[in-house]
Structures are given as structure tokens and as C-alpha cells.
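Me: I am in my first year and would like to take a close look at one part of a structure, with the rest brought in for context. Here is what I am looking at.

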Amino acid sequence: MSWLLFLVCVSGTVMCYPYFFETKKFRVGIEYDHSLPMTGGSDRYRHRNNYDPFFVTVTAAVKRGYVISYLEVSATVDALGEVDFNLIRGQTGSTSMVFQLVSNHSDFLSYNYLAYGIREEEYRKMSNIVTLPLTNAGSRNDNAITFIAFILLYTCYILYP
């Protein structure tokens, strides 16, 4: 009878052992006031050989007349696993982004993503405000300042040897 109790205790301990996960969140782009969720998705992959890297490539696209303002990605792996995020193609202001998740030392990879978009006309207005082209370097002349500093230092060196 005691061996049965021992067997139940051991099997209960093994089956109830907690399984820990690690979730990493990635964000690419700039969050604007009028950004709307456009497309999203999620999936889960099992990986048989957890010592080799496992690659998942996903394309996020938005509706016609919109551009991607930012992209949120959340990836979950084992507690000892690693996950990396790489943006392969696209950028803020494009109609699609291709990203890649690389999982290593994990039995599985679970991810979800959500692409936020903004109207193309609004994005053009915002991008013109945010990135103003600098037409000149101002009234500063670096060559003249360097030459004057050199003359002053040389004069001090000659006067005070």
C-alpha cells in the first residue's frame, strides 16, 4: 500500500511541475493618434530539434489607401528559449512589412501580431511635420572656427613656451 501512495505522490509531482514560458514583445514604427488596427494574426509552431534555429517569416499588409504606422509583435517560447525579431522588408509608411522570428533552444514558438495603419494622406502630413529637411548648416562655418582656434593655440604656444 505504501508503494501505491509513493507512486501517486511521484506521478503527481511530475505532472504538476510548472512549465515556464518567456514572452517578448517587439514594436516597430511610430504610434500616431489616429492609428487603427488593420490586420493581425497568430500561430503556434512545434519544433522537433530545439538546438537548431527555427525561422518563421510573416507578411503584414494593410488595406488599400492606408499605410502601416507601427507593428506590434508578441512571441512566446520556453523559459530557457531565445527569440529574435528581424524586420526583413518594409518600414513605417509602407503598405506591407515582412518580419522574421527566430527561435532557438525552445520546443515551440507561439506568436501574434497586429499591424496598425493610418490613412496615406494623414501619414504624408505627419511625416512632413516630423522630418523637416535641413537646407543649410546655419550661419556656422566649421572651417573658419577651426582655423581661428589653431591660430590662437599656436600664438599661445609661441608666447608661453
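Does Ile-151 count as buried or partly exposed, and what is its relative accessibility? Please take your time over the answer and connect that residue to the rest of the chain.

Reply: Please keep in mind from the start that this is a predicted model. Ile-151 counts as partly exposed, because its relative accessibility is 37%, and a residue would have to fall under 20% to be called buried. The residue sits in helix 3, which covers residues 142–159. Ile-151 also belongs to a nonpolar surface patch of about 900 Å², which is made by Phe-147, Ile-148, Phe-150, Ile-151, Leu-152, Tyr-154, Tyr-157 and Ile-158. In soluble globular proteins, nonpolar side chains tend to be buried together, and with that tendency in mind it is useful to set this patch beside the interior of the model.

To place the helix, consider the whole chain, whose secondary structure comes to 3 helices and 7 strands. Read from the N terminus, the elements follow the order α-β-β-β-β-β-β-β-α-α. Of the 161 residues in the protein, 30% count as buried, while the accessible surface comes to about 11900 Å², with 59% of that area belonging to carbon and sulfur atoms. Among contacts between residues at least 6 apart in sequence, 81% join residues at least 24 apart.

Turning to the interior, the largest nonpolar core has 23 residues, and those with the most contacts inside it are Leu-71, Val-73, Phe-99, Leu-101, Leu-109 and Tyr-113. At least two residues of this core come from each of strand 1, strand 3, strand 4, strand 5, strand 6 and strand 7, and strand 4 gives the largest share, with 6 residues. Val-73 shows how such a residue is surrounded, for when residues up to four places away in sequence are not counted, it touches Lys-24, Lys-25, Phe-26, Phe-85, Phe-99, Leu-101, Asn-112 and Tyr-113.

Strand 3 lets you see a pattern of sides along a strand. In a regular strand the side chains alternate between the two faces of the sheet. Along strand 3, Phe-54, Val-56, Val-58 and Ala-60 point to one face and are buried, whereas Phe-55, Thr-57, Thr-59 and Ala-61 point to the other face and are not buried. Strand 3 pairs with strand 6 in the antiparallel sense over 8 bridges, and one of the bridge partners can be named, since Ala-61 is matched with Ser-96 in strand 6. After strand 6 the chain enters the loop that leads to strand 7, and His-105 is found in that loop. His-105 has a positive phi of about 60 degrees although it is not a glycine, and at 32% relative accessibility it counts as partly exposed.

Strand 1 offers another residue for comparison with your isoleucine, namely Phe-21, which lies in that strand and is partly exposed with a relative accessible area of 47%. Leaving aside neighbours within four places in sequence, Phe-21 is in contact with Thr-76, Val-77, Asp-78, Ala-79 and Phe-108. Phe-21 and Leu-80 are 59 residues apart in sequence, and yet their C-alpha atoms are 8.1 Å apart in space.

Finally, charged side chains deserve a look beside the nonpolar ones. Side chains of opposite charge can pair when their charged atoms come close. The structure holds 3 salt bridges. In one of them Glu-120 and Arg-124 pair, with their closest N and O atoms 3.1 Å apart, and because these two residues are 4 residues apart in helix 2 (residues 120–130), they are separated by about one helical turn. Glu-120 is partly exposed at 29% relative accessibility, as is Arg-124 at 48%. Elsewhere, salt bridges that share partners join Arg-27, Glu-31 and Glu-72 into one network. Within that network the closest N and O atoms of Glu-31 and Arg-27 are 3.2 Å apart, and those of Arg-27 and Glu-72 are 2.2 Å apart. The pair of Arg-27 and Glu-72 links distant parts of the chain, with Arg-27 in strand 1 and Glu-72 in strand 4, 45 residues apart. Arg-27 is partly exposed with a relative accessible area of 46%, and Glu-72 is partly exposed as well, at 26%.

Terms used
Residues numbered from 1 in each chain as written. Predicted model: local features only at pLDDT ≥ 70, side-chain atom pairs only at ≥ 80, totals over all residues. Heavy atoms only, no water. Salt bridge = Lys/Arg side-chain N within 4 Å of Asp/Glu carboxyl O. Buried < 20%, exposed > 50% of the residue type's maximum accessible area, 1.4 Å probe, protein only. Core = buried A, V, L, I, M, F, W, Y, C linked by side-chain atoms within 4.5 Å. Contact = heavy atoms within 4.5 Å. Patch = residues over 30% accessible without salt bridge, like charges linked within 9 Å, V, L, I, M, F, W, Y side chains within 5 Å. Areas by Shrake-Rupley, 256 points an atom, 1.4 Å probe, with all protein chains shown as cover. Pairing = 2+ DSSP bridges.
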